[in-house]
Amino acid sequence: MPDVDFDDTPDEAAYRARVRDLLAEHAADLVHLDAGEEAGDAAEQEQALRRTQRVLADAGLVGVAWAAEHGGQAGSLAQQAIVGQELARARVPALINHIGLGMCGPTVVAHGTPEQHERYLARLLRADDVWCQLFSEPASGSDLAALRTTAVRDGEDWVVNGQKVWTTLAHVADFGILLTRTDPGKPKHAGLTMFVVDMHAPGVTVRPLRQMGGQSDFNEVFFDDVRIPDSERLGEPGEGWRVALTTLLNERVAVGGGGNDLGLSVESLARLAAAKLPGLTPERRVLARQAIGRAAVAALGNRYTGYRRLTAISQGGLPGPEASAGKLAGTAASRLVSDAGVRLLGDDAVFAVGTGDDGTGEDGAGRWQRNQAWLPGIAIAGGTDEVLRNIIGERVLGLPPEPREDKHRPFDAGSRA
Ligand SMILES: Cc1cc2nc3c(=O)[nH]c(=O)nc-3n(C[C@H](O)[C@H](O)[C@H](O)COP(=O)(O)OP(=O)(O)OC[C@H]3O[C@@H](n4cnc5c(N)ncnc54)[C@H](O)[C@@H]3O)c2cc1C
């Protein structure tokens, strides 16, 4: 079998054709990147995105690789990847419940009770409920196991107090998976417990954060005496780290392709270059061409590494080290593409707003501008570049591990020496 197979198998080709037909059939009911996903106010955009996911779910294009008993299509990971590619090709934006689909849902599947499966999974697939992931705190991001939000048992409930931050989608979410400390006397990884939390419960306060690109994708979330029934626990008390590892592994695979949400690819860059290069001075043209070349090499290298991953999946394997390196390389490639685009646009990139991707429309530079402001966050979300390099150094290259002197000490004895 080849390491990299660029061609669909006959079955995959037939599946791809069916997906294209379904997307064409439902095109009028889907939010479309070029048709202005910015249209309407925030509430209208949210409803349009929920509707889009519902239409796709009802057409069998969401949860493709999920088991039928969980509301999925029982398809292959390769089929799921094909749907992802065809949605990008049809310029449908990221599904609103992408955190639920990529991270929370698989965690509920792996660690939830049959009642939790029944209660949550089908609704998650249709975006009837939107989910968020409540892990990071002001003093624990990379060092997640140092988190301080507590859950204390009280009868049939747990009472939660603390603060989370950077919680993507919390402002629209109905449920979240919440990692808490339930036993501060144990070492930091051992005293954690995971719950499903109702984001509309009394005592939950969500405060959106404004990003430098102008949008508010993530939030601070405060928990003041929030009661969670024990039946909403995911996994055993004290097993929260093991449950969280399921989430984090799925997160790496979900974001492993890198890339960006705004539909800007090396093809978008080529369209922009065709429009803008002739108008540049010879000096700027040389610099722009070099930036385009660097970006194209990085983006295509990343894409072909993605095909290697897809080939392995299609042949029944699991993603290997290239999945953990994928996010790092994808982020770097996206930044080079964005830098080259901004270089081509010059001053227009500073002032424009809008939705076109070729820079030639009424306000086509806007998406490049927003993308440029959004990408630094991608180098942080789901594991920072530095932390990913540590992981690759330790687990892929076998280099000596970082010193972790607080790993075995009780958490309440202080997490730092
Ligand atoms: C766009 C975006 C979306 C997010 N969505 C969510 C979400 O939905 N839910 C959620 O729970 N969290 C979310 N996060 C938070 C994200 O997981 C954390 O920001 C990330 O883990 C880094 O943690 P931190 O911000 O506390 O930075 P820190 O961990 O404090 O890191 C600060 C700096 O130190 C470096 N550093 C830290 N440790 C090491 C080390 N051991 N070796 C070398 N360098 C190191 C980091 O690379 C970074 O440059 C999101 C973040 C972003 C930007």
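Strand 1 (residues 131-134) and strand 4 (residues 175-181) pair in the parallel sense, joined by four bridges. Across this pairing, Gln133 stands opposite Ile177 in strand 4. The model is predicted.

Strand 1 is covered on both faces. Trp131 and Gln133 are buried on one side. Cys132 and Leu134 are buried on the other.

**A second strand pair**

Strand 2 (residues 150-154) and strand 3 run antiparallel, and five bridges join them. Here Val152 stands opposite Val159 in strand 3. The two strands form a hairpin with two residues between them. In that hairpin, Gly155 takes a positive phi near 65°.

**Around the ligand**

Which residues come nearest to the ligand? Of the 16 residues around the ligand, they are Ser142, Trp166, Thr168, Thr384 and Glu386.

Some ligand atoms have polar partners in the protein. The table lists three such pairs.

| Ligand atom | Protein partner | Distance |
|---|---|---|
| nitrogen | polar backbone atom of Gln133 | 2.7 Å |
| oxygen | polar backbone atom of Gly141 | 3.4 Å |
| nitrogen | N or O atom in the side chain of Glu402 | 3.0 Å |

How much of the ligand's area does the protein bury? Taken alone, the ligand exposes 970 Å². The protein buries 67% of that.

Two elements give two or more residues each to the shell around the ligand: strand 3 (157-168) and helix 12 (385-396). Strand 3 supplies the largest share, three residues. So the hairpin strand described above returns here, as strand 3 is joined to strand 2 by five bridges and also has a place in the ligand shell.

By class, the shell holds five nonpolar, nine polar and two charged residues. Domains matter to the picture as well. Domain 2 (131-240) and domain 3 (256-383) each give at least three residues to the shell.

**A residue in helix 9**

Thr331 is found in helix 9 (residues 321-345). Is Thr331 buried or exposed? Its relative accessibility is 2%, so Thr331 counts as buried; the cut-off for buried is under 20%.

Thr331 can also be placed relative to Gly377. In sequence, Thr331 and Gly377 are 46 residues apart. In space, the distance between Thr331 and Gly377 is 9.8 Å, C-alpha to C-alpha.

**Gln133 once more**

Gln133 links two parts of this report. In strand 1, Gln133 is buried and stands opposite Ile177. At the ligand, a polar backbone atom of Gln133 is 2.7 Å from a nitrogen atom.

How values were computed: Residues numbered from 1 in each chain as written. Predicted model: local features only at pLDDT ≥ 70, side-chain atom pairs only at ≥ 80, totals over all residues. Heavy atoms only, no water. Near = heavy atom within 4 Å. Polar contact = N/O pair within 3.5 Å; in protein donor to acceptor, adjacent residues only side chain to side chain. Areas by Shrake-Rupley, 256 points an atom, 1.4 Å probe, with all protein chains shown as cover. Nonpolar A, V, L, I, M, F, W, Y, C, P; charged D, E, K, R; others polar. Domains from an automatic or database assignment. Buried < 20%, exposed > 50% of the residue type's maximum accessible area, 1.4 Å probe, protein only. Pairing = 2+ DSSP bridges.
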